Amino acid sequence: LTRIRSTLFKNSMISTGLSWEDLLHPLYQKYKNHITWGDQDLLNIIFHYNPECLYTFPCQWNYRPDHCMYGSNCKGAEEEGVSVLHGNRGVYHDDKQPAFKAVYEAIHDYPFEDNLFQSMFYPLQ
């Protein structure tokens, strides 16, 4: 966050860079009738003009339902396991992706004073 706050971002509105605070509202005003995903669209616009400020994680560090919905398409997760589970599309709360829901419920129900293996790991198996 410190780096974001100290960066002057290139943009499509003026020729000089703008700070995060000075950029977000004007950017929203410019694109508000053309964006669907709100904050995600604004981030995509900002990093379109500033790709050097963006780090793209490997798929196993942002494992989403579409990585396994119609077959496996994240080789890194197959080889190294999933590091971060991204619960978009409501997958933690519906039955479309039972593995995602099971992980969510195990973490949600985990009594943090208990033994990790007995209370979380074994129920997930």
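**A disulfide in a predicted helical model**

The structure, a predicted model, holds one disulfide.

Me: Why is the link of Cys59 and Cys74 called a disulfide?
Reply: A disulfide requires two cysteine sulfur atoms within 2.5 Å. The sulfur atoms of Cys59 and Cys74 are 2.0 Å apart, so the pair meets the definition. The link is right-handed, with 90° about the S-S bond.

Me: What does the pair of Cys59 and Cys74 tie together?
Reply: Both cysteines lie in the loop between α3 (39–49) and α4 (75–80), so the pair ties together parts that are 15 residues apart in sequence.

Me: Why is Cys68 not counted as bonded to Cys74?
Reply: The closest cysteine sulfur to that of Cys68 is in Cys74, at 9.4 Å. The cut-off is 2.5 Å, so this distance is too far for a bond.

Me: Why is Cys74 called buried, and why is Cys59 called partly exposed?
Reply: Buried means under 20% relative accessible area, and exposed means over 50%. Cys74 has 1%, so Cys74 is buried. Cys59 has 23%, which lies in between, so Cys59 is partly exposed.

Me: What makes Cys53 and Cys68 partly exposed?
Reply: Cys53 has a relative accessible area of 36%, and Cys68 has 27%. Partly exposed covers the range between buried and exposed, so both residues belong to that class.

Me: How do you know that the radius of gyration of the protein is not that of a compact globule?
Reply: A compact globule of 125 residues would have a radius of gyration near 14 Å, but the protein has 19 Å.

Technical notes: Residues numbered from 1 in each chain as written. Predicted model: local features only at pLDDT ≥ 70, side-chain atom pairs only at ≥ 80, totals over all residues. Heavy atoms only, no water. Rg over C-alpha atoms; globule rule 2.2 N^0.38 Å. Helix = DSSP H or I, 4+ residues; strand = E, 2+ residues; numbered from the N terminus. Buried < 20%, exposed > 50% of the residue type's maximum accessible area, 1.4 Å probe, protein only.
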